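Here are some warm-up exercises for getting to know a structure you haven't met before. Try each task yourself, then read through the solution.

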Amino acid sequence: MDWFLQQLINGLALGSIYALIALGYTMVYGVLRFINFAHSDVLMLGAYAAFFIAPAIEPIISLPSLTGALLVTLLSALICAGIGMLIEFLAYRPLRSRPKLTVLITAIGVSLFIEFTCQHKAVFGADTKPFPPLLPATDFHLAGLVVSSNDLVVVFVTALLLAGMWFIVHKTKSGMAMRAVSFNQQAAALMGVNINRIIAFTFGLGSALAAVAGILYALKAPGIEPLMGVQPGIRAFIAAVLGGIGNLPGAALGGLLLGLLETFAGGISGLSSYRDGIAFAILILILLFKPAGLLGKASVEKV
Amino acid sequence: MKLEGAKRWLIAGIALAVLVSLFSAQFNRYYLGIAIDCGISIILAVSLNLINGHTGQFSLGHAGFMAVGGYSAAKLTLVCSPMVPDSLKPLLFLAALVLGGCMAAVIGLGVGIPSLRLKGDYLAIVTLGFGEIIRVVVQNMESVGAASGLKGIPKYTTLGWTFALAAITIYVVAALVNSTYGRGFIAVNDDEVAASSMGINPVRYKVTAFVIGAFFAGVAGGLYAHHKQFLSPTGFDFLKSIDIVVMVILGGMGRTAGVIIAAILLTLLPEVLRQFADYRMILYSLLIIGLMMARPQGLFTFGKKKKGAAAV
């Protein structure tokens with residue numbers, strides 16, 4: 001029973017990070033209908049941004065501390081929002097009217113470009129670097145269970161940001177414009193929506209979420225390296241598809257489910273070495289039997 | 001008339017393969033190795049072109065099929081080669097390649113039937129997923145060396161074998177696409193809904209293309225295994241699939257001749273860039289992005305595609 005509860009806690013913490021990354025995928029997919037492969041690299045850049053900002057602000061605000069962590073995260077999120085918009089402007093905007101496949105391949109190219117540029121020794125180098133502790137971390141022991149404060153932070157931040165995103169998308173004017181663009185780009189433009197601005201805004205928001213996720217992921221991981229985003233990125237994408245891509249609560253649900261499944265599978269001997277394959281197996285099953293995802297609505301293709 | 005074009009490739013290719021293999025003893029081993037790499041790339045790219053280019057199904061899992069073929073072929077020769085006399089070794093190699101191809105084709109069928117109902121980027125992701133699953137499974141199979149790889153594979157691959165098989169691949173794909181049956185691939189590519197309303201079963205064509213493509217990827221995997229004499233699961237990851245996809249895009253989807261040129265070029269490129277090894281992958285990714293912006297139809301597509309026919 002203890003084992004079960006412990007895995008449940010670990011799974012929720014892992015799943016929350018997946019959910020947070022999936023949120024970014026889902027928002028971009030919802031508006032532009034394409035998979036932004038570079039999302040996982042923005043996540044990595046977010047962690048690196050925090051890695052460089054933390055020592056820079058240390059003389060002003062001592063770390064680890066809550067205000068320090070908030071400031072570092074905020075600055076990293078801002079930087080990554082800028083990077084996300086830049087990627088959209090340089091790589092995706094010129095291709096907006098092209099076939100989806102062209103954009104998909106470009107996204108793969110952008111992702112490879114960021115990964116290999118950052119691995120170059122003149123940039124970050126390929127080696128793993130220790131991530132600075134931003135928050136004071138303690139472990140709570142409850143009746144034989146261990147809950148780390150970082151896990152609680154991850155779950156809390158994810159819930160908060162999910163609520164924030166839901167508010168932005170459903171209650172603000174920009175959110176309404178986003179939904180309009182997602183529904184029909186041409187019609188939205190005719191109604192006076194500035195498509196370029198809304199898409200850039202979506203990318204900025206998604207990339208800021210990726211940066212936060214990257215920092216949370218780095219807090220749990222032993223260190224950061226330029227390919228750190230690849231594995232969680234793929235998992236999060238699968239989570240987004242699992243929950244129904246383009247659907248915010250779906251992304252959260254998919255992330256949590258995937259995190260739980262992986263943690264439980266990882267705890268069972270014999271299955272643990274197949275952990276990498278589990279996410280893909282789930283993805284394939286869901287696409288075959290419920291291509292729209294758990295919470296997605298099936299759409300009929302118009303001829 | 002139609003078949004002549006394809007046959008020309010076959011005869012020229014096999015003649016070249018025989019001729020070259022007669023003189024291959026005199027070649028520099030390094031250049032010989034690169035030439036074999038080029039041949040393997042041609043098989044991979046042309047077979048993927050049948051799926052991605054001619055039939056319009058974006059597959060990102062070609063390296064997975066290559067892995068299946070490579071591992072099955074290598075396992076067969078590793079087990080059987082001590083028992084087989086030297087004179088029968090070529091026959092064993094052929095059997096291994098065919099086995100590798102067939103295994104890949106079977107997996108291709110298993111992957112294709114369920115997943116080809118999906119379209120566009122969903123299909124890309126599912127094939128990517130299958131490629132990764134194959135890699136994870138291989139990584140956990142003790143009988144093929146698991147993560148440390150399969151060592152000591154006999155060196156059977158020669159230039160002659162490679163180019164003869166490349167010629168056969170080109171011939172099969174070109175003849176197939178230009179046959180009456182093969183029009184279906186192009187019809188499915190052009191407009192699936194219209195094709196199915198004309199009585200073409202798109203799923204059947206897509207699965208056929210997928211299985212044939214997987215078969216040749218498996219053969220290429222077998223050649224690769226007996227060329228490098230070492231297989232490791234990391235050699236068949238996502239990047240390897242991207243490599244092959246880029247060859248197809250660079251050459252122009254559905255353009256066999258362009259794809260062959262691109263396969264050769266992209267195999268030579270890393271060798272030429274060896275001294276800039278640090279920048280190689282950065283340049284490579286920029287090449288993908290630049291190509292998509294400037295010439296999404298491919299670098300080697302000049303003139304209009306013949307209406308209703310696949311350009312060979």
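**Exercise 1: A residue in a loop**

A:R33 is partly exposed, with a relative accessible area of 38%; buried would be under 20%, exposed over 50%, and partly exposed is in between (1.4 Å probe, protein chains only). Before going on, a word on the ground rules: this is a predicted model, where local features need pLDDT of at least 70 and side-chain atom pairs count only at pLDDT 80 or more, while totals for chains, interfaces and linings use all residues. Residues are numbered from 1 along each chain as its sequence is written, chains are lettered from A and ligands numbered from 1 in the order in which they are written, and side-chain values use heavy atoms, with hydrogens and water left out.

Task: find where A:R33 sits and what its phi is.

Solution. Step one: look in the loop between α1 (2–32) and α2 (39–57) of chain A. Helices (H or I, at least four residues) and strands (E, at least two) are DSSP runs, numbered from the N terminus. Step two: check the backbone, where phi of A:R33 is near 60 degrees, a positive value in a residue other than glycine.

**Exercise 2: A helix with a bend**

Task: work out whether the length of helix α2 (residues 29–54) of chain B fits its residue count, then find its kink.

Solution. Step one: the expected span is 1.5 Å times one less than the number of residues. With 26 residues, α2(B) should therefore span 38 Å, and its end C-alpha atoms are 36 Å apart, which agrees. Step two: go to B:L48, the centre of a kink of about 35 degrees. The bend at a residue is the angle between axes fitted to the seven residues ending there and the seven starting there. Step three: see how covered the helix is; 22 of its 26 residues are buried. Step four: just past α2(B) comes B:G56, with a positive phi near 75 degrees.

**Exercise 3: A serine between chains**

Task: say what B:S285 touches and which backbone atoms its side chain reaches.

Solution. Step one: locate B:S285 in helix α12 (residues 277–294) of chain B. Its relative accessible area is 0%, so B:S285 counts as buried. Step two: list contacts (heavy atoms within 4.5 Å). Leaving aside neighbours within four places in sequence, these are A:G109, A:L112 and A:F113. Step three: look for polar contacts, meaning pairs of N or O atoms within 3.5 Å; within protein, one must be able to donate a hydrogen and the other to accept it, and residues adjacent in sequence count only if both atoms are side-chain atoms. The side chain of B:S285 reaches the backbone oxygen of B:I282 at 2.8 Å, and one of its polar atoms lies 3.5 Å from the backbone nitrogen of A:F113.

**Exercise 4: A hairpin**

Task: describe how β1 (residues 139–142) and β2 (residues 145–148) of chain A pair up.

Solution. Step one: strands pair if DSSP finds at least two bridges between them. Here 4 bridges join β1(A) to β2(A), and the strands run antiparallel. Step two: pick out one pair, A:F140 with A:V147 in β2(A). Step three: inspect the turn, where 2 residues separate the strands of the hairpin and A:A143 has a positive phi of about 45 degrees.

**Exercise 5: A buried phenylalanine**

Task: find the surroundings of A:F203.

Solution. Step one: A:F203 belongs to helix α8 (residues 195–220) of chain A and is buried, at 2% relative accessible area. Step two: beyond residues up to four places away in sequence, A:F203 touches several residues, including A:V28, A:L32 and A:Y92. Step three: compare sequence and space; A:F203 and A:G24 are 179 residues apart along the chain, yet their C-alpha atoms are separated by 8.2 Å.
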